[in-house]
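I opened the model today to look up its covalent and charged side-chain links. My notes follow in the order in which I made them.

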Amino acid sequence: MSNYLQSLPSIAPEIAMTVLLCAVLVVDLLLKGRDSRKVGYLTLGGLGVVAWLLLGQWGELGSAGAAKRVFGMIDIDRFSTFFKLFTVGSLAAVVLFVLLDRRERRHGIGEYYLLLLGAGLGIFFMVSTSNLLLLMLGLELLSLASYSLAGFHKGDKRSAEAAMKYVVFGGLSAGVMLYGISLLYGITGTIDLTEMASGPHSLAAQFSSGPVPVAVAIVLVLAGFAYKVSVVPFHFWTPDVYEGAPTPVTSFLAVASKAAGFAALLRFVGKLFLVDGADGAVQQYGARIGALLAILSALTMTLGNLAALRQSSMKRMLAYSSIAHAGYVLMGMATMESSGWNAAMFYLAAYYLMNLGAFGFVLYFESVTGSDDIASLKGLGAKALWVTVPMVVFLVSLTGLPPTVGFTGKYMLFVAGVDNGLLWLSLVMALNSVVSLFYYFRIVKALFLAEPAERSMPGQSALAGSIFVLAVLTVLFGLYIAPLQAWCDASVESLRLGAG
Amino acid sequence: MAETLFYALALAAVGFAVGVISARSPMLSVLSLLGAFVCLALVYLLAGFQFLAGAQVLVYAGAIMVLFLFVVMLLNLADLSKVAEHPTRVLGVHRVALAGGSAALLGVLALLASRRIPDTAADTAMLARGFDELEPIAVALFSRYLLPFEAASLLLLATMVAVLVLAKRARAPQGPREQAQAVDAHGDARGDASDAARELEGAGLR
């Protein structure tokens with residue numbers, strides 16, 4: 001028991017999040033829901049504390065260098081701390097979006113913040129555990145909070161439709177994933193990924209005696225992850241949910257929730273197959289999983305980009321674009337080599353920055369024009385340069401052109417693909433980037449190349465400010481990649497070591 | 001013997017589950033769910049987990065099913081049968097999908113059964129410890145699995161709030177200041193009050 005008390009400081013960020021969640025609940029009750037902005041400020045302050053704790057943890061990890069495992073199932077390493085930090089960052093951005101948007105404020109009752117925090121806590125568990133039970137609980141916490149957040153605009157039919165579709169698809173895929181996990185447990189007798197990779201009844205041993213059950217189990221679990229990160233055969237929910245959900249929620253789903261799914265997927269595949277000195281059977285299966293991921297990646301990026309070409313709503317377009325980006329990240333994973341995984345993680349970090357910014361832009365314009373239609377942007381470019389110029393930066397980055405973080409990420413993915421015998425996939429990616437240029441620059445065209453509009457732009461200066469900061473970061477990390485690069489190396493290393 | 005029993009129970013459980021989603025009367029659907037729960041409890045019993053089986057019957061078949069029945073009784077059954085009519089028109093597709101899915105699932109099961117999954121060390125150790133006494137379960141729950149246990153409680157809390165948010169009707173603004181806010185926030189004169197009224201109407205409660 002004392003053992004557990006000693007490891008409590010290691011999960012201080014999680015505890016702080018839980019306390020904050022309860023505080024939000026109680027304060028909202030005390031205020032009787034009258035002034036929900038106070039709850040929003042409380043949430044922001046609490047998130048600041050969590051970020052401070054996480055930064056402290058990050059520093060400790062740097063000096064001692066030792067990743068550790070507490071409670072027998074939570075891995076405290078740079079990989080998870082990084083994702084937690086970004087989750088807190090995107091949560092803070094979403095809370096800001098809610099606070100600053102006139103229409104959102106009407107719905108911005110205390111539960112909004114509570115559910116956001118619940119979803120964030122689910123992500124905390126998801127990204128840091130190698131125990132499939134806790135992983136599943138974290139995933140469900142995130143999903144259940146997201147379902148109701150998607151349906152938060154109760155009067156709105158599209159919002160209700162989004163929530164309903166999300167619940168049905170989410171429930172089905174959670175069931176499929178649980179079935180896979182229970183098979184894995186039946187085969188190896190453990191729900192811990194490390195033990196699964198190394199124990200006496202490791203997957204490696206089971207591969208040789210009976211490969212079919214193992215393959216079925218792993219494919220089922222991968223299907224669950226594929227749904228969460230909207231990879232192609234499981235992507236159907238994405239455009240509808242992203243379009244119908246309130247825009248701040250959409251940005252949360254597209255950025256934090258998807259990256260968390262990828263973090264968990266990286267850990268799952270990494271622990272099981274990216275092992276140092278793995279024996280032949282594991283490597284052989286790793287290669288097969290890699291081939292599967294490569295095919296999914298090619299399908300995902302192609303379909304996402306082609307479908308995005310035809311969208312007139314910015315939210316739908318960004319939804320398909322996020323599907324395409326999932327394909328790019330998968331491509332890095334498909335190499336099943338450290339260099340490719342480095343690139344995948346770098347790209348995820350880039351994805352955070354540019355998508356958060358792009359959704360901030362959508363929100364800004366939705367509050368001004370009342371719609372997210374690309375046509376409604378016509379001629380507004382010169383009216384609010386503080387927002388439109390950053391948006392151009394995000395679009396350049398999403399396309400993958402220099403000098404942005406998106407370019408660096410895609411370049412690393414391309415090189416990793418060529419180096420690891422996935423030349424065809426690298427070429428598919430390059431072609432897809434060209435396709436994506438067309439639809440991203442439709443927004444630029446609408447903004448700047450149409451007749452200047454007459455109307456004035458009474459936008460939120462604070463929102464514009466945060467969008468501007470994100471744009472600066474997007475360019476900065478594109479030019480100065482050392483810190484992100486160092487983190488990627490450390491993360492891949494901690495995944496590999498943990499498995500050994 | 002045990003194996004035959006398992007397959008019979010598993011098949012019955014799947015049959016009941018199909019009944020849950022295909023029955024036209026909500027009552028029948030709830031009763032099918034009860035059947036599925038009982039079958040599952042029997043499977044647990046067969047695997048030697050008496051406590052789990054007991055908990056399954058008490059919690060699911062007991063408490064939760066009563067709640068379901070309450071809800072079904074309180075709702076207007078005539079309305080529900082009207083709702084149920086709609087999917088039957090497209091049931092052709094559904095039926096094919098359902099049959100295909102079930103067939104695929106059964107195929108996988110059969111495939112797995114044909115490849116013998118070896119007994120694992122964990123299983124044997126568990127049985128040797130006497131897994132099914134209450135004490136080891138409690139000890140495991142509050143020591144090794146303390147964190148997932150707490151995570152589950154958070155999950156339930158978030159779910160509870162989520163359900164309340166979705167089920168609660170919009171609160172009518174009370175003070176003049178709030179009313180003004182509501183109007184301001186919405187951009188036109190339609191406030192929360194009329195929304196709430198419309199929702200009430202929609203729910204047939206007015």
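Entry 1, disulfides. I searched every chain and found zero disulfides. The model is a predicted one, and I kept that in mind for each entry below. I then looked up two cysteines for their burial. Cys488(A) is buried, at a relative accessible area of 0%. Cys39(B) is buried as well, at 7%, which is under the 20% limit.

Entry 2, salt bridges in total. How many salt bridges does the structure hold over all chains? I noted twelve. As background, side chains of opposite charge can pair when their charged atoms come close.

Entry 3, Arg69(A) and its partners. I started from Arg69(A), whose side chain meets that of Asp75(A) in a salt bridge, with 2.9 Å from N to O. Is Asp75(A) buried or exposed? Asp75(A) has 6% relative accessibility and therefore counts as buried. Arg69(A) has 32%, so I entered this residue as partly exposed.

I also found a salt bridge between Arg69(A) and Asp192(A), where the closest N and O atoms are 3.4 Å apart. Where do the two residues of this pair lie? Asp192(A) sits in the loop between helix 8 (157-188) and helix 9 (193-198) of chain A, while Arg69(A) belongs to strand 1 (residues 68-70) of chain A. The pair therefore ties together parts that are 123 residues apart in sequence. I looked up the accessibility of Asp192(A) too: the relative accessible area is 5%, so Asp192(A) is buried.

Entry 4, the network. Which residues are linked with Arg69(A) in a network of salt bridges? I listed Asp75(A), Asp77(A), Asp192(A), Arg267(A) and Lys271(A). Two of these, Asp75(A) and Asp192(A), are the partners of Arg69(A) that I recorded in the previous entry.

Entry 5, a pair within a helix. I turned to Lys165(A) and Glu161(A), which form a salt bridge with the closest N and O atoms 2.8 Å apart. Both residues lie in helix 8 of chain A. They are four residues apart, about one turn of the helix. Lys165(A) has 28% relative accessibility and counts as partly exposed. Glu161(A), at 37%, is also partly exposed. I set this pair beside the one formed by Asp192(A) and Arg69(A), which joins a loop to a strand.

Definitions and conventions:
Residues numbered from 1 in each chain as written. Chains lettered and ligands numbered in written order. Predicted model: local features only at pLDDT ≥ 70, side-chain atom pairs only at ≥ 80, totals over all residues. Heavy atoms only, no water. Buried < 20%, exposed > 50% of the residue type's maximum accessible area, 1.4 Å probe, protein only. Disulfide = S-S within 2.5 Å.
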